[in-house]
Amino acid sequence: MKSLLSLLLAGLLLSGCADNENTDLSTVASDSAVPPPALVVPPPLPVEPTVAPADDYHSYANPGEIAVRHISLDLQTDFGEQILKGTATLTVERVSRDAEMLMLDTRDLEIQDVRVESPAGKWVQTYYKLGNSDGALGAPLAIELPPGDASTFSVRIRYRTAPGASGLQWLTPAQTAGKKHPFLFSQSQAIHARSWIPLQDSPAVRVTYDATIRTPQDLLAVMSASNDADTERDGEYTFRMPQPIPSYLIAIAVGDLVFEPIGERTGVYAEPALVKAAADEFADTETMLEITEDLFGPYRWGRYDLLILPPSFPFGGMENPRLSFITPTVIAGDRSLVSLIAHELAHSWSGNLITNATWRDLWLNEGFTSYLEARIMEAVYGAERAEMENTLGYQGLARELAELPPEAQILAIDLRGQDPDNVFTSVPYTKGQLFLTWLEGYFGREEFDVFLRNYFDRFAFESITTDQFLEYLSAQLPANRPAKPQIMEWVFEPGLPADAVLPQSDAFTRIDATRNDWLEGEIAATDIDTEAWTVHEWLAFLNNMPDQLSNDQLVALDQAFDLTESANNEIAHSWLKIAIRNDYEPAFARLENYLLSIGRLKLIRPLYQELVKTERGKQFAQRVYAQARPGYHPLAQRVSDAIVMGDGG
Ligand code: BES
Ligand code: ZN
């Protein structure tokens with residue numbers, strides 16, 4: 001990687017000389033004729049025989065030479081053009097003495113002007129060059145810093161985002177709950193921050209930030225930073241994030257938002273129509289926060305608020321610090337889907353406090369978080385519910401492992417040459433969680449909790465690799481009980497080790513028996529006593545149906561339980577998959593409505609995938625998708641394009 005980076009730099013210098021003969025690179029060269037045409041070819045993704053663990057293969061940045069430490073944004077939202085415009089002022093530190101070229105990541109940004117602050121405090125234009133764009137990585141932006149001894153610089157970039165920026169979604173009023181105001185939100189993980197801020201877009205680089213955001217007067221802006229719920233709604237909002245965070249946690253949303261407190265440190269931002277329901281659904285957030293502190297040490301971010309997004313938000317949740325972004329599809333009315341909140345909250349420890357240094361190490365974020373999530377759920381709602389949720393998770397993993405190639409089943413996955421958007425599976429989540437559950441068994445719960453608390457203290461506000469974690473873990477293992485070979489198997493081998501501790505739910509054993517009795521015709525659907533079933537029991541019942549059911553069976557289930565009309569989005573999802581597989585016509589109007597009103601990938605992707613398996617289903621998918629597509633997030637569009645129009649995605 002390093003050698004490739006130097007090659008790139010050499011290429012930049014060469015092409016810089018060649019395309020502008022009068023330009024001495026050491027002089028300030030930027031004027032209206034600059035930038036020169038983009039001639040830089042980004043380096044191909046490095047293909048070395050083995051992964052260099054600390055190298056980020058998804059960033060052009062050179063933090064080992066010059067590192068960004070602070071970002072100051074001054075951005076205006078232009079809802080007419082659907083762009084952000086303004087400046088990003090980066091405070092950078094020269095780490096390697098003779099480094100002169102700052103390398104940033106960008107994607108579809110229009111760079112208008114780049115200046116460096118002179119020792120006298122003047123902003124002087126400097127030479128810069130935007131490289132060619134790579135489909136997955138975007139384009140490198142090289143900025144020349146003045147030679148000399150100074151170790152810190154400020155660099156100001158004036159820029160505009162593109163209307164189709166991959167990390168932003170601009171919604172028309174019609175796509176919001178209130179229908180009156182437009183809405184904007186970002187989703188930066190994994191490598192989309194570069195589509196709205198020119199920065200070093202690697203999770204190994206941590207920055208503090210501040211921002212001034214200018215919006216239409218009647219809208220409110222919020223960020224993954226200090227938010228003042230009582231701020232005057234005047235179209236100018238300021239934010240500060242004093243703790244160093246990785247770039248993928250920089251986040252913004254703008255809309256007709258109001259705030260409703262939950263507890264002392266927790267509350268909800270949402271559109272007015274949703275805010276009461278959301279505050280009620282997530283009323284346990286404050287308790288979750290307190291319990292997590294008891295288990296794993298202090299919450300170090302001040303407030304913890306939730307932001308409820310419109311239904312096109314492509315994920316369930318996103319752990320933006322101080323302000324998790326949450327899909328409205330989990331507002332079920334009965335708090336049945338709040339494990340999502342436990343998950344995003346847990347990231348305040350695993351992920352935000354200790355961060356994966358590269359996307360190869362994602363399991364350090366998601367595996368730890370899934371483990372913490374389960375512990376929080378157990379502490380707040382009891383072991384029975386936690387075991388049910390763990391079992392559903394494990395069943396999902398088992399189904400995926402049966403399909404995934406071996407190299408995709410490895411926790412420390414080799415992502416060279418791959419777009420991180422295309423490779424996320426339940427492996428880093430649920431296999432990671434099972435690894436930690438195995439470690440819990442190895443240490444004993446009490447000792448393992450001490451291990452985790454110490455771990456969060458030791459690496460707080462750092463980004464680490466899998467290898468750093470393993471080194472730390474090794475040092476904590478009792479000398480007389482080596483576990484190295486098993487640990488290496490968990491992290492570097494496909495599949496699950498034979499001694500994995502698998503979740504087991506007695507409630508689900510009863511559900512399995514009931515399903516079998518019904519399938520064998522021993523009981524009628526109307527005889528099944530579902531009165532006391534939780535959402536999780538329903539999911540276990542439906543998810544484990546055989547692929548083929550007869551029309552009579554489908555009608556019987558639907559008439560007995562009104563599944564097509566289920567108001568729970570997870571139950572509806574599971575039922576709709578069954579309906580597609582069995583061509584159960586009466587559910588297709590709901591299916592159409594579902595695909596048109598929800599943009600959360602986890603819920604819609606499997607439905608499109610199921611649909612395109614038959615010619616009729618494909619025609620239905622194409623018709624509905626043509627209508628749904630404009631309302632989907634750029635990421636959901638890309639994923640769905642591949643399924644519905646392309647090769648099966
Ligand atoms: N950080 C993830 C979402 C994510 C991961 C976005 C990778 C982009 C790249 C978030 O914490 C998450 O895991 N969300 C899940 C929640 C679920 C597992 C409880 C989701 O969105 O479904
Ligand atoms: Zn997560």
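In what order do the five strands of the open sheet stand? In this predicted model, the order is S15-S16-S17-S19-S18, and the pairing within the sheet is mixed. Strand S15 (258-261) and strand S18 (317-318) stand at the edges with a single partner strand each, so that one side of each has no neighbour in the sheet. In general, the strands of a sheet are paired through hydrogen bonds of the backbone, in either a parallel or an antiparallel sense. The parallel sense is found between strand S16 (residues 266-270) and strand S17 (residues 304-308), which pair over four bridges. Within this pair, valine 268 has leucine 306 of S17 as its bridge partner.

A second element considered here is helix H15, which spans residues 588-597 and in which Phe588, Arg590, Leu591, Glu592, Tyr594 and Leu595 are buried. The buried residues of H15 are covered by elements that include helix H14 (569-581), helix H16 (601-611) and helix H17 (615-628). As background to reading such a list, an α-helix has 3.6 residues a turn, so residues three or four places apart point the same way.

Charged side chains were also examined, and the structure holds 34 salt bridges. Among them is the one between aspartate 201 and arginine 194, in which the closest N and O atoms are 2.9 Å apart; both aspartate 201 and arginine 194 are buried.

Another salt bridge joins arginine 416 to aspartate 414, with 2.9 Å between the closest N and O atoms. Arginine 416 counts as buried because its relative accessibility is 17%, which lies under the limit of 20%. Aspartate 414, by contrast, has a relative accessible area of 34% and is therefore partly exposed, since that class lies between the limit for buried residues and the limit of 50% above which a residue is exposed.

The side chains of glutamate 440 and arginine 445 likewise meet in a salt bridge, at 3.1 Å from N to O. Here glutamate 440 is counted as buried because its relative accessibility is 15%, whereas arginine 445, with a relative accessible area of 33%, is partly exposed. In this salt bridge the acidic residue is thus the buried partner, while in the salt bridge of arginine 416 with aspartate 414 the basic residue, arginine 416, is buried.

Finally, salt bridges can also be followed beyond a single pair of residues, as Asp547, Arg581, Glu610 and Lys613 are linked by them in a network.

How values were computed. Residues are numbered from 1 along each chain as its sequence is written. Chains are lettered from A and ligands numbered from 1 in the order in which they are written. This is a predicted model: local features need pLDDT of at least 70, side-chain atom pairs count only at pLDDT 80 or more; totals for chains, interfaces and linings use all residues. Side-chain values use heavy atoms; hydrogens and water are left out. Buried means under 20% relative accessible area, exposed over 50%, partly exposed in between (1.4 Å probe, protein chains only). Helices (H or I, at least four residues) and strands (E, at least two) are DSSP runs, numbered from the N terminus. Contact means heavy atoms within 4.5 Å. Two strands pair if DSSP finds at least two bridges between them. A salt bridge is a side-chain nitrogen of Lys or Arg within 4 Å of a carboxyl oxygen of Asp or Glu.
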